[in-house]
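The following exercises are to be worked with the sequence and the structure at hand. Each task is followed by a solution that proceeds step by step.

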Amino acid sequence: MSSPFVYRPTDSPAAAATWTRRQAFATDLRAVWGRAYPRIRGMGREKSWIFFEILLPFLTTSAFVFVYRALNAPPQYIGFVVLGGAMTAFWLNVIWMMASQLYWEKSQGNLELYFAAPMDFMSVLFGMAIGGLVMSSVRAVVVLVVATTLYDVSFAVDQWLLLLAVFGLTLAALYGLGMILAALFLVWGREAFHLTQGLMEPVYFVSGLNFPVARLGIVGALAIGVMPLAVGLDAMRQLAFAGTDYPKGTPSPGVEALILVVMVAVSLLLARWILRRLEQVARREGRLSLRWQ
Amino acid sequence: MSAAIEAPALDVRDVRRVYRSKPNDIVALAGVDLEVAPGEFFGLLGPNGAGKTTLIKILTTLLLPSSGTARVFGFDVVDDTKRIRRIMNMVAGGEQSGYGILTVRESLWMFGQFYGLGTRDAWKRVDELIDATGLQEQRDQRVATLSTGQRQKMNFARGLLNDPWIFFLDEPTLGLDVAAARSVRELVVQWKAAVPGRTILLTTHYMAEADELCDRIAIVDHGRILAIGTPAELKHRVQTESIFRLELDRLDAGAEALSRLPGVVSASVAADDGDGHERQDVVVNVVLADDAALGGVVTALGRLGSQIRSLRKSEPTLEDVFVELVGRGFAEADTADGTNRANATNGANGSKPRLAAESGQSAEAATGAEEELV
């Protein structure tokens with residue numbers, strides 16, 4: 001039929017409501033791409049991110065480089081800082097554009113439309129994560145390439161495959177954590193916003209963004225056990241600067257990769273479980289909608 | 001209507017919704033019963049805070065009822081959320097959804113993905129709806145730059161993407177100018193007429209809108225349905241007598257002569273319009289026990305030497321119905337308690353409205369002022 005008001009005619013609402021598994025899965029996949037789209041598309045339209053997301057963090061990284069140089073630290077430490085600077089992009093993205101995103105979505109009225117649509121809400125979270133990953137990767141690559149060139153960082157990689165795997169697992173675990181935090185926002189709202197803000201600097205510190213985390217002793221060990229950024233960054237440093245002396249007791253990259261695998265599995269399952277539980281709580285307490293509408 | 005549609009479009013049984021709040025809980029819905037047939041254009045009419053939006057949120061699976069049951073085409077709003085979401089869509093007045101950084105076309109495409117439209121199919125569907133809603137010139141314009149009316153048309157296009165069987169419209173013409181509101185109403189009517197069985201639940205506090213569009217209307221106040229019926233039935237409730245307004249060239253015998261006629265309850269000369277112009281004719285309001293008494297009045301006027309220049313039956317409005325049922329007018333109801341109830345409800349369910357109120361700006365303005373994060 002040619003009318004714009006008739007699109008996918010069905011015999012009855014019951015027929016329209018009955019979807020095959022394949023149809024439901026395809027919708028979930030499309031929703032992932034749909035939600036990633038504004039982030040990827042937006043990169044080319046709002047140029048201000050180049051200043052805020054690349055130049056300013058690059059200056060922070062540079063400051064640490066000059067401190068280490070002034071202290072005559074081993075040259076690998078410059079590389080540690082550069083790698084940490086690149087990975088900061090992903091952590092910031094998780095905090096600002098994953099964890100607190102649902103708070104903004106609710107303010108804009110998008111949240112209720114997402115829940116009123118037939119896809120699994122996890123698709124929205126995956127879409128946010130993928131869109132955020134693309135955005136942050138650009139920043140990370142720029143910081144890495146420019147800083148490596150400018151500060152003459154030499155990498156010594158023996159196990160490329162493991163390095164790539166650890167990198168991928170770190171991002172998966174980080175964004176899994178972001179999904180958990182995002183789900184918490186459904187119920188805690190502004191309180192969760194303050195929580196993530198409060199977490200930002202401590203996480204920077206105990207993740208060892210600018211120094212090997214094992215230097216923190218027992219705190220570092222704990223961080224490696226529970227924080228994706230800490231364990232991932234530590235493994236990547238060991239793999240990217242092979243042959244460097246690390247503090248005694250530092251787990252091997254292989255062990256750290258396994259820790260990351262567990263973190264990915266736990267965070268995704270936990271995010272899904274929390275989301276389902278909290279959706280019910282949010283529906284019960286009326287937290288999905290803009291109340292003034 | 002399709003023979004395959006057996007369940008009522010909406011079946012609401014004793015639904016209550018209570019918001020926890022201090023010092024007192026707020027009862028948004030106090031036991032609502034409602035049945036809407038497939039293919040009906042059903043209106044919920046009531047002042048702010050009456051419970052209309054709460055009912056819509058429950059039916060669109062965004063809010064759980066505190067007690068009672070509600071079904072959409074036979075699917076339970078608590079347990080069958082996925083199925084309901086596949087066959088419904090919703091548009092609210094003043095909606096600011098989407099991302100301002102995207103164009104109209106991209107924004108609609110994005111929402112199309114959430115309903116499982118294939119990538120190419122979605123672009124085609126989006127273009128069709130852009131044409132249907134008259135947004136051709138804004139097709140590649142960023143959403144952030146649209147006017148209120150254009151934005152609402154885009155919201156309608158979004159709501160029609162998945163070809164819903166039931167369309168929930170929550171104050172859809174709120175804040176629109178006359179032309180934009182008319183355009184939106186025409187769209188709704190065209191969409192509904194295209195396929196038998198399509199159902200619309202409209203909430204509004206615009207009486208004329210409800211009167212014009214709805215097959216049946218429920219008048220809601222304080223979380224209760226006070227009356228349900230067609231607009232004509234509701235108006236008939238408050239009009240047990242017929243009122244006629246007659247413009248005569250003269251009435252030398254006075255209105256009393258008409259009052260004495262059989263079937264005439266009362267007759268009075270209408271007050272001057274107060275427009276400052278001297279009126280040449282006489283306007284008489286005649287209240288009859290039944291329309292049949294009109295013949296006697298016309299005959300009597302001829303006998304009295306009066307010529308009838310115009311004759312019009314006065315119809316009660318839905319506002320009259322509301323006043324009769326509630327004991328106060330709509331505007332009065334809004335200011336007396338509706339706003340307070342709405343604010344109290346906001347405060348019970350999220351910090352944002354409270355913040356907006358504290359800062360002395362409207363919630364919408366507060367939202368608009370926030371930096372958009374995509």
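## Exercise 1: Contacts and content of the two chains

Task: Establish what share of the contacts in chain B with a separation of 6 or more joins residues 24 or more positions apart, and describe the make-up of chains A and B.

Solution. Step 1: in this predicted model, residues 24 or more positions apart supply 71% of the contacts in chain B that have a separation of 6 or more. Step 2: for chain A, the corresponding share is 82%.

Step 3: turn to secondary structure. Chain B contains 14 helices and 14 strands, whereas chain A contains 12 helices and 0 strands. Step 4: consider burial. Of the 374 residues in chain B, 44% are buried; of the 293 residues in chain A, 50% are buried. Step 5: the C-alpha trace of chain A spans about 75 × 40 × 40 Å along its principal axes.

## Exercise 2: Confidence

Task: Determine which stretch of chain B has pLDDT below 50, and decide how its coordinates should be treated.

Solution. Step 1: begin with the overall scores, which are ipTM 0.87 and pTM 0.82. Step 2: chain B has a mean pLDDT of 84, with 84% of its residues at 70 or more. Step 3: the stretch with pLDDT below 50 is residues 338–371 of chain B, which has 58 contacts in the model beyond near neighbours in sequence. Step 4: where pLDDT is low, predicted coordinates should not be read in detail.

## Exercise 3: The interface

Task: State how many residues of chain B are in contact with chain A, and classify the residues on that side of chain B.

Solution. Step 1: the contacts involve 59 residues of chain B and 54 residues of chain A. Step 2: the side of chain B that touches chain A comprises 28 nonpolar, 17 polar and 14 charged residues.

## Exercise 4: Two helices

Task: Compare the span of helix α8 of chain A with the expected value, then explain why helix α3 of chain B is described as largely enclosed.

Solution. Step 1: α8(A) covers residues 160–188, 29 residues in total. Its first and last C-alpha atoms are 41 Å apart, close to the 42 Å expected at 1.5 Å a residue. Step 2: after α8(A) comes A:G189, which has a positive phi near 50°.

Step 3: α3(B) covers residues 104–114, and 11 of its 11 residues are buried, so the helix is largely enclosed by the rest of the structure. The buried residues include B:R105 and B:E106 as well as B:W109 and B:F111. Step 4: identify the surroundings. The buried residues of α3(B) pack against α2 (21–43) of chain A and against α4 (119–132) and α5 (148–160) of chain B. Step 5: just after α3(B), B:G116 has a positive phi of about 80°.

## Exercise 5: Strand pairing in chain B

Task: Give the order of the open sheet of 4 strands and explain why β2 and β5 of chain B each have a side without a neighbour.

Solution. Step 1: the order is β2-β1-β4-β5, with antiparallel pairing. Step 2: β2 (26–36) and β5 (75–76) of chain B lie at the edges with a single partner strand each, so one side of each has no neighbour in the sheet. Step 3: β1 (residues 10–19) and β4 (residues 67–72) of chain B are joined by 5 bridges, and B:R13 stands opposite B:T69 in β4(B).

Step 4: examine another set of strands. β11 (residues 242–248) of chain B runs antiparallel to β13 (residues 282–288), with 7 bridges, and B:I243 faces B:V287 in β13(B). β11(B) also runs antiparallel to β14 (residues 308–314), with 6 bridges; there B:L246 has B:L311 as its bridge partner.

## Exercise 6: A buried residue and the nonpolar cores

Task: Decide whether B:L29 is buried or exposed, and identify which residues touch the most other members of the largest nonpolar core.

Solution. Step 1: B:L29 belongs to strand β2 of chain B. Step 2: the cut-off for burial is 20 or more C-beta neighbours within 10 Å; B:L29 has 27 inside 10 Å and therefore counts as buried. Step 3: beyond four places in sequence, its contacts include B:V15, B:L55 and B:G223. B:L29 and B:H222 are 193 residues apart in sequence, yet their C-alpha atoms are 7.3 Å apart.

Step 4: the largest nonpolar core has 166 residues, of which A:M87, A:M98, B:L59, B:I166 and B:L201 touch the most other members. α8(A) contributes the largest share, 17 residues. Step 5: another core, of 10 residues, lies apart and includes B:V264 and B:V286.

Methods:
Residues numbered from 1 in each chain as written. Chains lettered and ligands numbered in written order. Predicted model: local features only at pLDDT ≥ 70, side-chain atom pairs only at ≥ 80, totals over all residues. Expected span 1.5 Å × (residues − 1). Contact = placed C-beta atoms within 7 Å. Nonpolar A, V, L, I, M, F, W, Y, C, P; charged D, E, K, R; others polar. Pairing = 2+ DSSP bridges. pLDDT = per-residue confidence, 0-100. Buried ≥ 20, exposed ≤ 12 C-beta atoms within 10 Å, placed from the backbone. Core = buried A, V, L, I, M, F, W, Y, C linked by C-beta atoms within 7 Å.
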